[in-house]
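Me: I would like to understand how the labels used for a protein model follow from their definitions. Could we go through some of them together?

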Amino acid sequence: MSLLIVGSTGTLGRQIVRRALDEGYQVRCLVRSPKKAAFLKEWGAGLVRGDLSDPESLPPALEGVTAVIDAATARPTDSLSIKQVDWQGKVALIQAAKAAGIERFIFFSILDSEKYPHVPLMEIKQCTEIFLAESGLNYTILRPCGFMQGLIGQYAVPILEKQSVWVTSQTSPIAYMDTQDIAKFAIRALSVPETENRTFPIVGTRAWSADQIISLCGRLSGQEAKVTRLPLGLMRAVRQIARFFQWGWNLADRLAFAEVLASDKPLNASMEEVYTVFGLDPQETTTLEAYLQDYFSRILKKLKELDYEQAKSKKKSKRQSLRF
């Protein structure tokens, strides 16, 4: 089976590429910049230049492809808007896949997207789910709600550097999942007929609040966290201001996601049936505790090594200066 992976350089996409290659699939990646995606080629994936905002670039990329895994989404720093990438681009991709006779289409949405029609990204994800389901393609929709990888920059690094951790005054617990585990579900869906034309939540072992994650990071790092809480009203005001400027539209749409986090409704779902259908062992899923423990163990070890090398270098310099 030949795969086209869209969004292959992203946090999730690169893990899907790695998993697909490890399981022996022929992998092709749709990329805007082959230079920035060179690491994927080194892994063994093929690169094809294309862009969701350029519908004419999609048919050539789909030639000879059996299945598509779409893990792309607009980034806050992109020049293109969420609407251009996550709606118009996805519609073009689905239509091109249908015309190319693609046998399977795996799409990543967001958990509970139907519950937040006033949040742009959630509304677009829900509309895309409906469009895909009505396209006639043999699809599987996976709905994660948060990546553990994102917690490093948000919580772990600021705590290690003794900087403030910024959180909203109201936060909902989220069942974060390691992107390596999410990638397992994406690749397994290709070979499990029971996943065809169905939608599944893909979430971690439990939902964690911001305060619980901060407490865990503090304990594992041995540092006391400095927390700065942003009033939700301020987030809304910044969003309104950003909407006045075209360059701020993506930022404004992302800030709207704060409304989801402030709902006090946990982003979580039962995974019992999902593991059964996919034939995966829940005991092999990485817990947040284990993920952060591994991160802090590695980073603290490296920091100790750096401190040792610096101390060693200072002693050497001191000895040399005494000689003269």
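Me: Why is the contact between Asp-22 and Arg-18 called a salt bridge?
Reply: A salt bridge requires a side-chain nitrogen of Lys or Arg within 4 Å of a carboxyl oxygen of Asp or Glu, and the side chains of Asp-22 and Arg-18 meet at 3.4 Å, N to O, so the pair satisfies the rule. The model is a predicted one, in which local features need pLDDT of at least 70 and side-chain atom pairs count only at pLDDT 80 or more, while totals for chains, interfaces and linings use all residues. Residues are numbered from 1 along each chain as its sequence is written, and side-chain values use heavy atoms, with hydrogens and water left out.

Me: What makes Asp-22 exposed, and what makes Arg-18 partly exposed?
Reply: Buried means under 20% relative accessible area, exposed over 50%, and partly exposed in between (1.4 Å probe, protein chains only). Asp-22 has 55% and is therefore exposed, whereas Arg-18, at 28%, is partly exposed.

Me: Why is the pair Lys-125 and Asp-86 called a salt bridge?
Reply: The N to O distance of 3.6 Å is within the 4 Å limit, so the name applies. Lys-125 lies in helix α5 and Asp-86 in helix α4, so the pair ties together parts that are 39 residues apart in sequence; here helices are DSSP runs (H or I, at least four residues), numbered from the N terminus. Both Lys-125 and Asp-86 are buried.

Terms used:
Helices (H or I, at least four residues) and strands (E, at least two) are DSSP runs, numbered from the N terminus.
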